[in-house]
Amino acid sequence: MKNFMDDDFLLTTETAKKLYHEHAKKMPIIDYHCHLQPKEIYEDKKFRNLAEAWLGAGDRYGDHYKWRALRARGYEEDSISGNIAGLSLEESDRKKFDQFVESMPYFVGNPLYHWSHLEMRRYFDIYEIINEKNADVIWEKANKKLETLTAREMMYKFNVDTVCTTDDPVDSLEWHKKMNEDKTLKVKVRPAFRPDKAINVELDWFESWVNQLSKVVGYEIKELKDLEHALEDRIEFFHSMGSRVSDHALDVVHYTKATYEEANKVFHKGMNHEAVSEFEQDQYKGYILVFLGRLYNKYGWVQQYHIGALRNNSKSMLKKIGPDTGYDAIEDQVYKEKLSQLLGALDETDELPKTILYCLNPRDNYALMVLAGCFQKEGVKNRVQNGTAWWFLDQQDGMRQNMETMMQVAIISQTAGMLTDSRSFLAYPRHEYYRRLLCQMFGNLVESGQYPAEEVERLGKIVEDICYNNAKEYFGF
């Protein structure tokens, strides 16, 4: 019987151990997609206790994986995402911590069990098993560490080189500006352009967001051409602040070829709060995505398409605590033809930027990876590629499926590797989790005679590339 999560955790062959300990473990981290708050990085946030750092207690930017698990245990919502009535903040935090710790044994087989123990070990040097018996020891040891373990120190512990936050086009980027001027900050923090609100013309807040953008750029946005002008102004500003990447939540891919006049007509319907049909969404969203793709290509950016989320499924909880709080699921619509047409429209004019495709439905792994291979370009490594297993797939089975498919129908050696997609500063052990699984899979190829043992040093270099070097080259950081 192996010891619980020892130094060779998830590594069962000598080759896998060599690849991880001599190559993967030492590599810096480029976290090119996350939801960390720039203000907290700049101010070097000091957490009041482990509950705030670990669970996001009383904060909508908490760890939704943990929130969902606690809901499945039947706890009251206020003890998960809110503040417990009748208790002081300190008492409320401790109660939230206690219920998470006492729940831990019941997370058997869930990645939360491994992630949580890795978080305690790597950040706090706490090797006690997480359960109610050890609650006091864990609480006291972690809180003692948090007296000096600030947000920046958490990133430094994992040798984080670069972080890309997620930022709306109307964002002032004031915290990024301050960080660019801060010579004491050892991590490069770049904004990522997230223009979802410019694209989702069918939603009731589209008009108010366009008016907000109008105030930011300083001129009226009456026609679609004005919106195009404003978006390019913001891209130029983001670029000046270090941005080299955009991100799109394409829950469902919309595309049909449309003229400016057709798209402008839909734009006006959105501004007037009129109903927008599915076909009209295809027209407008397809037009805007092609427009933006051309701009990204012009500025040398990478665009990311996150595809397949079915959002805000609990309408009662949407009303109570808002979106992005753990009530999203996996979409199952068919979208490949429209995505192909969208990428093809940009490729046809040689304006397709580097693109990363993420699917939330594992059904789509093969289809997206094969499609990506249709849009490569001479002189550019892996111009269109698939991202790592995302969100609900960010676990052993999901990552293995993603990597196995990538090995079979794409070139895994050139992937940009892992990211956190997290709102938590304690999420960086997920890179370790990914790296261990990667080394185990590569080690199995050698040990089973599918890759030559005499090439193991070259394989080690490939591991280093996947962990860090590929992303650095791909994004141009």
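**Notebook: a surface patch, two odd phi values, a cavity and a pocket**

I began with V409, which sits in helix α18, residues 396–409. The model I am reading is a predicted one.

*Patch.* I looked up how open V409 is and found it partly exposed, with a relative accessible area of 34%. Patch members need over 30% relative accessible area, so V409 at 34% qualifies on that count. I then noted its partners: Y366 and V370 join V409 in a nonpolar patch on the surface. Together the three residues have about 250 Å² of accessible area.

*Positive phi.* Next I looked up backbone angles. L173, a residue other than glycine, has a positive phi near 60°. I placed L173 in the loop between β2 (160–164) and α9 (174–181). Is L173 buried or exposed? I read 1% relative accessibility for L173, so it counts as buried, the cut-off being under 20%.

W391 came up in the search as well, with a positive phi near 60° in a residue other than glycine. I found W391 in the loop between β9 (384–386) and α18, the helix that also holds V409. For W391 the relative accessibility is 17%. I entered W391 as buried, because 17% is under the 20% limit.

*Cavities.* I asked how many cavities of 30 Å³ or more the structure holds. The count is five. I took up the second largest, which has about 50 Å³ of space. W391 turned up again here, as one of the residues that line this cavity. From the stretch around W391 I wrote down T388, A389, W390 and D394 as lining residues too. The lining also includes M418, L419, T420 and D421, and from elsewhere in the sequence Y65 and Y358. By class I noted seven nonpolar, two polar and two charged residues in the lining of the second largest cavity.

*Pocket.* Last, I looked up the second largest pocket, with about 360 Å³ of space. I noted that α1 (14–24), α6 (111–124) and α19 (429–447) are the elements giving two or more residues to its lining. Which element gives the most to this lining? It is α19, with four residues. In all, 20 residues line the second largest pocket, and I listed Y20, K25, R122, F158 and E432 as lying nearest its centre. I sorted the pocket lining by class and got 10 charged, seven nonpolar and three polar residues.

Conventions. Residues numbered from 1 in each chain as written. Predicted model: local features only at pLDDT ≥ 70, side-chain atom pairs only at ≥ 80, totals over all residues. Heavy atoms only, no water. Patch = residues over 30% accessible without salt bridge, like charges linked within 9 Å, V, L, I, M, F, W, Y side chains within 5 Å. Areas by Shrake-Rupley, 256 points an atom, 1.4 Å probe, with all protein chains shown as cover. Salt bridge = Lys/Arg side-chain N within 4 Å of Asp/Glu carboxyl O. Buried < 20%, exposed > 50% of the residue type's maximum accessible area, 1.4 Å probe, protein only. 1 Å grid on protein atoms, 1.4 Å probe; cavity = no way out; pocket = protein on both sides within 12 Å on 5 of 7 lines; lining within 4 Å. Points joined across faces, edges and corners; volume = space filled by probe spheres on them. Nonpolar A, V, L, I, M, F, W, Y, C, P; charged D, E, K, R; others polar.
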